[in-house]
Amino acid sequence: MTNSLIKLVGAAAIALSSGGVASAQDANLLDTIKERDSLLCTGHNGSYLGFAEVDAEGAWQGFDIEFCKALATAILGSPDKLQVIPVSFAQRFPALQSGDVDVIIKVTGWTQSRDTDLGLQFSRPYFIGPFYTMAKTELGAQSIADLDGGVFCVNAGTTVERVLADYMEVNDVSYEPLAFEKGEELRAAFYNGRCDAIAGFGPFLSATRVNAPDPEAFTILGDVMKLEPEGIVVRQGQDDFLDVINWMVSALLMAEEAGITQANVDDMKANPPSPTIERLLGVSPGVGERMGLSDDWAYNVIKTVGNYGEIYDRTIGDGSRYKLPRGLNNLWNNGGILYPLVLD
Amino acid sequence: MHTILASRRFRRAAIQAAFVGFILLVLVGLVVTTQQNIVAQGIATGFGFLERTTGWPINFSVIEVSARSTYARIILAGLLNTMLVGFLTLFFASVLGIILALLRVSRNTLLRLVGTTYVEVFRNIPVVLQVFFWYAVLTHLPGPKEAHSLAGVAMLSNRGIVLPSFTFVENGLVYLALGVVAAGLWLWFTRNRISRAVRLGVGLGGVAALFVGLVVLGYEPGAPILSLPYLKGLRIAGGVTLKPEMTALVIGLVLFGAAYIGEIIRGGLIAVDRGKLEAGRALGLSSFQINRLILVPLALRASLPSLTNQYVWLMKATTVGLAVGYPDYFAVISTSINQSGQTLELLALLMGGFIVLNYSIAFVMNAINDRIKIKGRS
């Protein structure tokens, strides 16, 4: 009896000590992804309109999903090797930490606590999100100051709660915050008139307005409360993987800057206009090899999803039903603040 | 050695000790492994974040909080919000439950029918649906500019029910609640020693004095002592606002909980032996005396264990407040997890808070049960 107990305790101790190391901390995630031959990227639990939504055929669409596809193409050569894992905003960090996803591409603001406390690593911003306020048109408000004393509804647990608190204090506007856990309940409360305004990420507000029973009843006010740079997130220590992500974003911007599109990429590859384009499209070697990718990865990406401008236009810009202006998310030479890195 | 092993007492103790040791080993192993993995991923741990300011406010709280409050304070505010809704619910659900039980055991067919219909309707609809329903009703009221005014002292709109209020000092309601609890304890502990008139006088007088004191201390020159609601810009200023989130939550929980409590009390009433009531009548007791001395104590004794269960259950049900945007303990912890990323620590706080809260309810109810149960029976 006592003997078998000792055995049992011993077995448990062994099981615990060996089980402890089997976490997601693999040495090189890039190799793991190649071995697995699929990339695990974040989707959404439901639809985050414009960025990650499921279309009528059940396929994932949206700005963030296009970047997932671009990354899968860069590493594995085909967008079909992308596996979209639906997670909520709250679940995204635990999902990354536990290895359920390889990367978070989910309009994630680069904040200090996420960068340090949570053990995450951010890519260069791939999208600049402005925070706006949308008010009921009947209130006749021209600016946020006109909404003094009103009720502002927000998504619970997002950076918006903080941005709103800061903005209202600096501008000395009194307000009453009301936070909802789910987007559906937030929208219902706003449409019913429980809140005078909702504060949020510009693209989210546009999508909410487009989907309202009567879009004319709501107006997005001109005041930009804050800009939030959105980055692609990986676990701390995945330097090689992060390199690929940064250069993937850069290649998309460089393609737009050089006028390379999904349609003309083959012509460009046949007759590269400059030595840099020659390198980018893999005509002269080096662009992929130093990162452990094939030399034509950038060509494949552009061939699959197009350049940055094309992605924007197709998912949230003029080519979509959301008609979101490019604004700051334009190239530096078109009035925006985005730029490619130097390819040498 | 053999003699020790041959002792049955020793063997039993050894097996039990080994079992407890094994459980402890597994628990320690779990904690250590989790800790190692967290450190390996470079995630910050510990409760240090509680000292940091949140940077986000909450919509409603009984204590003063703002975006500059610490996590500790905002979490405390959430716990107090849960307790507020919880105790309001327990109180009103019990009152309504008693009425329902009396309807259900009534000899009048119509009253019985009303009771039965109520119980069957409200017991069979999920509580979250009922809360949603009342929230929808309250938010479909007209806006503040078209608010219904009730005789100029109260206003009803989709921003809530605004009632006239006294201007207290900061956190005045908390002090007042503590004062009422203290008065209650005074009345209870002096029940056999001092005459009833003195006890009531001291208890009620104390509460009244506290009330006046709070109003006087909170008085600001120029401001009215009784604050009435009036329209100011986009909102209704003055008075005290019962926000739709809290009102809907309390109404939903009370109506739902009362159906169960009513059934439990009805069970207790039916369980009372007819013979004992007849014995009371034979002794010449009036029907009021029979109710007070025989029926109520015996019915209470029979229904208390299930009632404890129901009270604890109702307290946990307050977490549906998350769905309608009421910042209860669960909602505040959930937002904190999102904002600070300290998932494990906050979940531990969440569970710990509910255990303490519900254990306190169970403790009080069990203490009452111990006093009134038949001695010698468990």
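In this predicted model, the contact between the two chains draws on 44 residues of chain A and 40 residues of chain B. On the chain A side, the elements that each put in at least two residues are α1 (2-19), α4 (92-97), α5 (112-116), α6 (159-170), β9 (176-180) and α7 (183-192). The biggest contributor is α1(A), with 8 residues. As for chemistry, the side of chain A that touches chain B is a mix: 19 nonpolar, 14 polar and 11 charged residues.

Turning to the interior, the largest nonpolar core holds 107 residues. Those touching the most other members are L71(A), I75(A), F152(A), C153(A), I198(A) and M248(A). Helix α9 of chain A (residues 239-257) gives this core its largest share, 12 residues. C153(A) is worth a closer look. Leaving aside residues up to four places away in sequence, C153(A) touches L178(A), F180(A), L186(A), A189(A), F190(A), C195(A) and I198(A). I198(A) thus turns up both as a partner of C153(A) and among the core residues that touch the most other members. There is also a second, separate core, this one of 53 residues, and its members include F49(B), L307(B), A323(B) and L349(B).

L349(B) shows up again in a helix pair of chain B, where α12(B) meets α11(B). Helix α11 (residues 329-340) and helix α12 (residues 343-372) of chain B pack at about 170 degrees, and their axes lie 9 Å apart. Since angles over 145 degrees count as roughly antiparallel, that label therefore fits α11(B) and α12(B). From α11(B), the residues involved are Y329(B), F330(B), I333(B), S336(B) and I337(B); facing them from α12(B) are T343(B), L346(B), L349(B), L350(B) and G353(B). Sorted by class, this contact has 7 nonpolar and 3 polar residues, with no charged ones.

Another chain B pair, helix α3 (residues 71-105) and helix α4 (residues 109-123), packs at an angle of about 130 degrees with the axes 7 Å apart. That angle makes α3(B) oblique to α4(B), and the crossing of these two helices is left-handed. Here α3(B) brings L100(B), L103(B) and R104(B) up against L111(B), R112(B), V114(B), G115(B), T116(B), Y118(B) and V119(B) of α4(B). By class, the contact of α3(B) with α4(B) comes to 6 nonpolar, 2 polar and 2 charged residues, whereas charged residues are absent from the contact of α11(B) with α12(B).

Notes
Residues are numbered from 1 along each chain as its sequence is written. Chains are lettered from A and ligands numbered from 1 in the order in which they are written. This is a predicted model: local features need pLDDT of at least 70, side-chain atom pairs count only at pLDDT 80 or more; totals for chains, interfaces and linings use all residues. Two residues are in contact if their C-beta atoms, placed from the backbone, lie within 7 Å. Helices (H or I, at least four residues) and strands (E, at least two) are DSSP runs, numbered from the N terminus. Ala, Val, Leu, Ile, Met, Phe, Trp, Tyr, Cys and Pro count as nonpolar, Asp, Glu, Lys and Arg as charged, and the others, Gly among them, as polar. A nonpolar core is a set of buried Ala, Val, Leu, Ile, Met, Phe, Trp, Tyr and Cys residues joined through C-beta atoms within 7 Å. A residue is buried if 20 or more other C-beta atoms lie within 10 Å of its own, exposed if 12 or fewer, and partly exposed in between; C-beta atoms are placed from the backbone. Axes are lines fitted to C-alpha atoms, for helices over the stretch in contact, and angles run from 0 to 180 degrees between N-to-C directions. Angles under 35 degrees count as roughly parallel, over 145 as roughly antiparallel, 65 to 115 as roughly perpendicular and the rest as oblique. A crossing is left-handed if the near helix is turned anticlockwise from the far one by less than a right angle, and right-handed if clockwise.
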